[in-house]
2 protein chains.
Amino acid sequence: MSCEADLAKTLRERGYRITSQRRVILHILRQASDHLTPGEVFRQAQASLPGLTETTVYRTLEFLAQVGLAHAAFGSSGKRAYELSEHAHHHLTCRKCGHEIEIPHERFAALFAALEAENDFSLAHNHITLFGLCKNCQRENEFSSEEQGRRKAD
Amino acid sequence: MSCEADLAKTLRERGYRITSQRRVILHILRQASDHLTPGEVFRQAQASLPGLTETTVYRTLEFLAQVGLAHAAFGSSGKRAYELSEHAHHHLTCRKCGHEIEIPHERFAALFAALEAENDFSLAHNHITLFGLCKNCQRENEFSSEEQGRRKAD
DNA sequence: ATCCTTATTGCAAAAAACTGCAATAAGGAT
DNA sequence: ATCCTTATTGCAGTTTTTTGCAATAAGGAT
Ligand SMILES: [Mn+2]
Ligand SMILES: [Mn+2]
Ligand SMILES: [Zn+2]
Ligand SMILES: [Zn+2]
């Protein structure tokens, strides 16, 4: 109820329509534990909605983002991926292993507010990903450096 | 000289090779006033290097980013675009008109350092784009809201 | 229940990105 | 100057993403 009701309200008010495609895709995003690419959503959605097109998935995902129901992110794959927008957050993503650390938006709030004020700019809901190396992969890097050093010395 | 010398040093040291393709693409990035997409680079590069392939442009651009000579960014087009890495910076980009404001990295340094410390994470050189509305486009939005309000009231 | 407007979808085709593999060419060694 | 190793490129083909347009269907009105 609350899901459907929310959807109805959010969309109808603005003149948008509720379709089976949107319901299915939204449902898939709800189930998902993390970000999903259009391709992944498409494959899952086909099961419940045989006729569905990949084109529609792309457009629906982008639509949901526009309306504010979903948020796009660029993960380590480099491809766009979507997730439902619950609490605002950002990510630290490891370039080696893909491990993701979630950072609550509050951590960025002060800086963002300052940037808005200083630049007469009104920030939208951003969902950023900062790349780097996680704890483990940093260690591995040290190891390989040592090894390389030893090799050269031989 | 300094350009070529830099290039030689940066690449040869690590076992990479200097090729005409890399030189041309790098040269194009140097001329560019702002971020260029692979497609744009390709079109410009073809002039000086007829045989060049689009594939090579993609790979070279990504290569230059890996080596740290270039940096990727996701502009308002949503497509990846590259630029040379001079002083570290980030962007505030308007979703309406595409206007870009450059923010020096220093503005982010403190927060980033804190995030690294708090999460045992080692951030790479990130180049982020925050979307929103520029001064002008914010005003335009107000106007259209007013108009809409009036229309409904009629 | 039926009609109407038009937002949304599917389809077909294009553009953009990515891959595997064999041919090419840097650049260090002789 | 010639040879050799292998990093890099081009080519052909695949996958991913985007676009134009006609057909479809949501949902307000009658
Ligand atoms: Mn997220
Ligand atoms: Mn930039
Ligand atoms: Zn890692
Ligand atoms: Zn603007």
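So, how do the copies meet? They meet through the same surface, because 100% of the interface residues of chain A are also interface residues in chain B. Keep in mind, everyone, that we are looking at a predicted model.

The superposition tells a matching story. Chain A goes onto chain B by a rotation of 180°, with 0.0 Å of shift along the axis and an RMSD of 0.1 Å. The two copies are therefore related as by a two-fold rotation axis.

Now to the interface itself. Chain A brings 32 residues to the contact, and chain B brings 32 residues as well. For those of you who like areas, about 2,700 Å² is buried between chain A and chain B. Carbon and sulfur atoms give 66% of that area.

What about polar pairs? Across the interface of chain A and chain B there are 12 residue pairs in polar contact, with both residues at pLDDT 80 or more. Which elements of chain A give two or more residues to the side that touches chain B? They are β3 (89-94), β4 (100-104), α5 (106-119), β5 (122-123), β6 (129-133) and α6 (135-153). The largest share comes from α5(A), with eight residues. If we sort the residues on that side of chain A by type, we get 18 nonpolar, eight polar and six charged.

Let me turn to the charges. Side chains of opposite charge can pair when their charged atoms come close. Here, four salt bridges are found across the interface of chain A and chain B, and the structure holds four over all chains. One of the pairs is E118(B) with R107(A), at 2.5 Å from N to O. E118(B) sits in helix α5 (residues 106-119) of chain B and R107(A) in helix α5 of chain A, so this pair joins two chains. Another salt bridge links the side chains of D120(A) and K135(B), with an N to O distance of 3.7 Å.

Next, the strands, and this is a part I enjoy. There is an open sheet of four strands, ordered β4(A)-β3(A)-β6(A)-β5(B), with mixed pairing. Its edge strands are β4 of chain A and β5 of chain B, each of which pairs on one side only. Let's walk through some of the pairings. β3(A) and β6(A) run parallel and are joined by four bridges. Within that part, T93(A) has F131(A) in β6(A) as its bridge partner. Then we cross over to the other chain: two bridges join β6(A) to strand β5 (residues 122-123) of chain B, and these run antiparallel. At that crossing, L133(A) stands opposite S122(B) in β5(B).

Is there a sheet with strands mostly from chain B? Here is what we can see: four strands form an open sheet in the order β5(A)-β6(B)-β3(B)-β4(B), again with mixed pairing. β5 of chain A and β4 (100-104) of chain B stand at the edges with a single partner strand each, so one side of each is left without a neighbour in the sheet. Inside chain B, strand β3 (residues 89-94) pairs with β4(B) in the antiparallel sense over five bridges. There you can find T93(B) opposite E100(B) in β4(B).

To wrap up, if you open the model on your own screens, try starting from the pair E118(B) and R107(A), which meet in a salt bridge. From there, move on to β6(A) and β5(B), joined by two bridges. Thanks for listening, and I'm happy to take questions!

How values were computed. Residues numbered from 1 in each chain as written. Chains lettered and ligands numbered in written order. Predicted model: local features only at pLDDT ≥ 70, side-chain atom pairs only at ≥ 80, totals over all residues. Heavy atoms only, no water. Contact = heavy atoms within 4.5 Å. Buried area = accessible area lost by both parts, 1.4 Å probe. Polar contact = N/O pair within 3.5 Å; in protein donor to acceptor, adjacent residues only side chain to side chain. Nonpolar A, V, L, I, M, F, W, Y, C, P; charged D, E, K, R; others polar. Pairing = 2+ DSSP bridges. Least-squares fit on C-alpha atoms with pLDDT ≥ 70 in both.
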